[in-house]
Each structure stands twice: as C-alpha cells, then as structure tokens.
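Let's go through this model together, asking at each step what stands behind a label. Have the structure open beside you as we go.

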Amino acid sequence: MISRTTGTRNGVLVLKAKWWQTAVVYQIYPRSFQDSNGDGIGDLQGIITRLDYLENLGISAIWLSPVYQSPNDDNGYDISDYQNIMTEFGTMEDMDELIKQAEKRNIKIIMDLVVNHTSDEHQWFIESRKGKDNPYRDYYIWRDPVNGRKPNDLRSIFSGSAWEFDEESGQYYLHLFSKKQPDLNWENESVRQEVWDMMNFWLEKGVGGFRMDVIDLIGKIPDQEITGNGPKLHEYLQEMNEKTFGNYDVLTVGETWGATPEIAKLYSNPKRKELSMVFQFEHIGLDQQEGKDKWDTKPLSVNELKKVLSKWQTSLGNEGWNSLFWNNHDLPRIVSRWGNDTTYHKESAKMFAILLHLMKGTPYIYQGEEIGMTNCKITDISEVNDIESINMYKERLAQGYSKEEIIDSINKKGRDNARTPMQWDNSENAGFTTGTPWLRVNPNYKEINVTANLADANSIFYCYKQLIQLRKDNPIIVWGDYVLVEEVPEQVFMYLRKFEGETWAVVANFGDQAVAIQLPEFGQSTRILIANYPRSSVEFSQLELKPYEAFAVKL
C-alpha cells in the first residue's frame, strides 16, 4: 500500500501515494460554521464565503457533517432524504457550487455517510410502518414482543431500550440511537442497492469521498445482541467498495468505536478492497472510568496515552492507515479536556497540534481547533441542545445523581462543547450570524477568534498552518517509521520519525509543570523544525522543558 513504486527518478525509487495519505482534512459542522442569511444557523453559502480562509490554512479536504434533508432530531444524523439538502442549509445548487468552489482551491468535499439508520420521517420508514405486508417493511428491523415485552435487553446509545413499540402493528422496531432513528436492515439486498445508488449519485457530483458514521454497526445481529463488528460487516463493505467508491479516487474513513489494530487492518488493508482508513477511539476513552459510561471521568494517564497511540502508530505497518485526531463534533475540546485552557491556553493548544500532526497517518482538524476554541460551560440543563446530554440528565436524575454532578459531567464531556458557533471575530455573535445563534456563542470569543489569530504571527492558527506545510514538504512525516522514546518522565511524550537516513525527534511536555530530561545519546541540535516556545537549539544531555512545551528537531 505504502510503497508501490511507479519507477525510478535519478536512480531513486518514486513512491506512488494516494492523495489522502499526504492530506490534512478539516471537519466542518455546518450548523455552527458560518451563517449567511441571518437565521442563526450556519449554511452552505456561509461555508463558501470561508473557503479562502481554509485555503490559507492549507487543508486538502473538508469533511462535511450531514447536510441532507433531516428533521434534526440528532442534528442531521437522522436523514429523511439522502438526495436533497436540508432547507436551512440551502439548496442542491448551493451544494454543487460548494463542490465547484472548493475544487478551484484544490479542496475536496468528503460527505458524511449515515447508513446504519435513517430518520423515522424517511419515506422508506413511513412505508415500512404501514404494515407487515408493505414491501418496505423489511427495510428496517421489526420483531414481535417476547412474553409481552421488548425482544431483548439491547440498549440505545442515547439511553434506554433500543426497541420501540409500534401500537399499530404490535411489533417493535430497533433503534440503536434515538427512537426517531430506526436502524436499516442491511441483510435486505434492496436496502444495500438503495445505498449504492445514493452513494453513486454523490460520487458522480464529484465529492472526494465519505466519512462513514458508525459503520461498524451495519452488520448487527440484534437477536443475538451483536451490534458492532457483526459477521457480515466486511462482506457488506467489500460489496460497497465494488459497487461504488472503488471506481473513484476518493478517501473513505469509517467511524469504528470498537476497532483494535487487527480489526482496523480488516477495514483498511488495500488488498481487501474496503476503506482507506478508520477512526479508532481507544485513546479517546482513556479518561473514562473502567466499565462505566463516558460521563464517569478520571484523570488521564499520559503513560496510557503514549502506549495506545504508539501501538496504533506501529501495529498497522503496511496493512492499514491511521487517522489522527483529538476532536470532532461528538467530543469535548481537547485544549479544555486534557490541556490547560486558561494559564497555558496557547501553549497547550499548540502542544496537542505538534504532538499529533507529526505522527504517521492522515490528520483531521475540527473547526475552531486551529484557533484554540474551548469548552463552553453551562449551569443549567435548559442551556443544553444535545439529545444525548438531555437524555443522560433525565436518566441520572432518576437514578439519584445530583444536578451538580450531572452538569459537571456535561461540562466535561457534552457534545455541545464542540458545537458552539465558530468564533470569527470580536463582533456580536463572534461574526457567526447577524441573527440569534441556534446555540449560544462561547463568551470567550472576544479573545479567541480567527481575526485575532490571523493578526498574531505567533498564534495557534499559524502553528497549524506550519504543520500542514511541513507535511507537504517532508516525506518523513508521511512515510517515516515511528519509534517511542521510553526513557523519559511520564509527562513527557517523545518519539522519533525515521526515513531514508533522516531522523526527527518530537518532544512534548504533557503538563503544566516544568520538567527535565537527560538523553545525551541524542546530542545537540540547532535544526528546530517547529516549536511552541522560542528555541534556537536543543541540548538533550540536559533539557529543561517548560509547561506544555513541544517542538520537533532534526537530529
């Protein structure tokens, strides 16, 4: 996969790379990015007006969270029509224009593909609900009651049972998410054909690929309570590849919460003809108490983080490809979660960027990450929009948790943290809208915004821009081997990248205390590639790292 050669140039082997192996992807949550018409909701025309900003940053592709027609029970991840655009985002003409305008700037559009479930307002489900004899009945998963109650104990990821009773037909339907998100029956060949047709509709429009929402659930066997990694999952993905994107030069990335490196190879080994890569979430769960929910937090162990990320860096070898990310629309802001968003805001935000972007794989930046946007604290559940947080609040109140405990969990892990509007400038509503924003703007927008970042040569934005340029200019970042350096204090994350006789050292102090390291074998270097504090040289025999200091040097 990684070293297929196309011949030699001046006696040197030339590597044939897929464009997505050298790419940096930027995720846009359209509802919160830029509003163009004053209704308080971001839209496609708003994104078009900001393409020059993204071109300046240097990204290669935009992953667009869903913009399809949707009643918005789960902010667009409940789709009622895959081949139409949600009215509040614009029209299909706007979508065509976005693809065209992005292409002019060498930016590809990656669509969010949500095919584990639809909205209950999708025409297929409306038909399916009409009765057991309806030709669409089998597009979804319907079961008879067992002993007068739900078929089994499968739970919804959004709390409560995954089965919803339908009075009319006397059967239950499966919904692994909201009850307004019924699961599709992938065992039905007609369902798969509908999905292939829809994917080809978008591919023919010129999109650059798909990010596949909870794709590891499509092979579920609900009667055996198997949800992730079902036995036919990879068969379905190979069929998908053959019938759709396998005929195009596109990026495909699967959201796979249960993936191990061995499972990831099944998805992303090119010989298997499935996906380009997966999102694995092993590092994301490291601040969660063992055997409990994501809301039950514990302090991060930096040693554990080093172990997990290093395992993923080395285990895939040439049989798979890594995605690199800290943030997305479902996760709290990393600078607030594991960094320091007050005293060392700029330093810790840059530390996360440097540590991640110099690893092997395709990096993903979530909107606002490149300017250091932070979590947005609430004091009452009335301030929450996210269905997952609201359901958890009700469930935990009933279980006897205090309001304060639950609000604290939402402030740490709630999805609204990622969804507050993009902070463009210090004008009202952060320049996001001239109307009333759909979700409150973080009050720190006057200090943390794009305009302030662009005016400061030492800003977080320019750190990201420099990292993206380094990746374009240095094959060592894309292809080099990764080696963890273990003889350092726990709070220091240090690794080497090696390629064709060249070695880089990446060093990060993952904490707010200064720390010293002594590694005389690495000698001294004045070849600083990037740093978040002023540095003209590094002496490894006696190196003092400032709080959250991070840099890369050529050895």
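Q: How far apart are the mean positions of the positive and negative charges of the protein chain?

A: They are 4 Å apart, taken over 60 positive and 81 negative charges. Lys and Arg count as positive and Asp and Glu as negative, while His and the chain ends are not counted. Each charge is placed at NZ of Lys, CZ of Arg, CG of Asp or CD of Glu.

A: A word on the source before we go on: this is a predicted model, where local features need pLDDT of at least 70 and side-chain atom pairs count only at pLDDT 80 or more, while totals for chains, interfaces and linings use all residues. Residues are numbered from 1 along each chain as its sequence is written, and side-chain values use heavy atoms, with hydrogens and water left out.

Q: What makes the radius of gyration of the protein chain agree with a compact globule?

A: The rule is 2.2 Å times the number of residues to the power 0.38, with the radius taken over C-alpha atoms. For 555 residues that gives a value near 24 Å, and the protein chain has 24 Å, so the two agree. The C-alpha trace spans about 75 × 60 × 45 Å along its principal axes.

Q: Why is Tyr 68 called buried?

A: Buried means under 20% relative accessible area (exposed is over 50%, partly exposed in between; 1.4 Å probe, protein chains only). Tyr 68 has 1%, so it is buried. Trp 202, at 0%, is buried too. Across the protein chain, buried residues make up 60% of the 555 residues.

Q: Why is the pair of Phe 493 and Tyr 495 called edge-to-face?

A: Rings of Phe, Tyr and Trp (its six-membered ring) pair if their centres lie within 6.5 Å; planes under 30 degrees apart count as stacked, over 60 as edge-to-face and the rest as tilted. Here the centres are 6.1 Å apart and the planes stand at 75 degrees, so the pair is edge-to-face. Phe 493 is buried at 0%, and Tyr 495 is buried at 0%.

Q: How many aromatic pairs does this rule give?

A: The count comes to 34. One of them joins Tyr 68 and Trp 202, edge-to-face with 5.8 Å centre to centre and 80 degrees between the planes. Because Tyr 68 lies in strand β5 (residues 68–69) and Trp 202 in helix α5 (residues 189–205), this pair ties together parts that are 134 residues apart in sequence. Helices (H or I, at least four residues) and strands (E, at least two) are DSSP runs, numbered from the N terminus.
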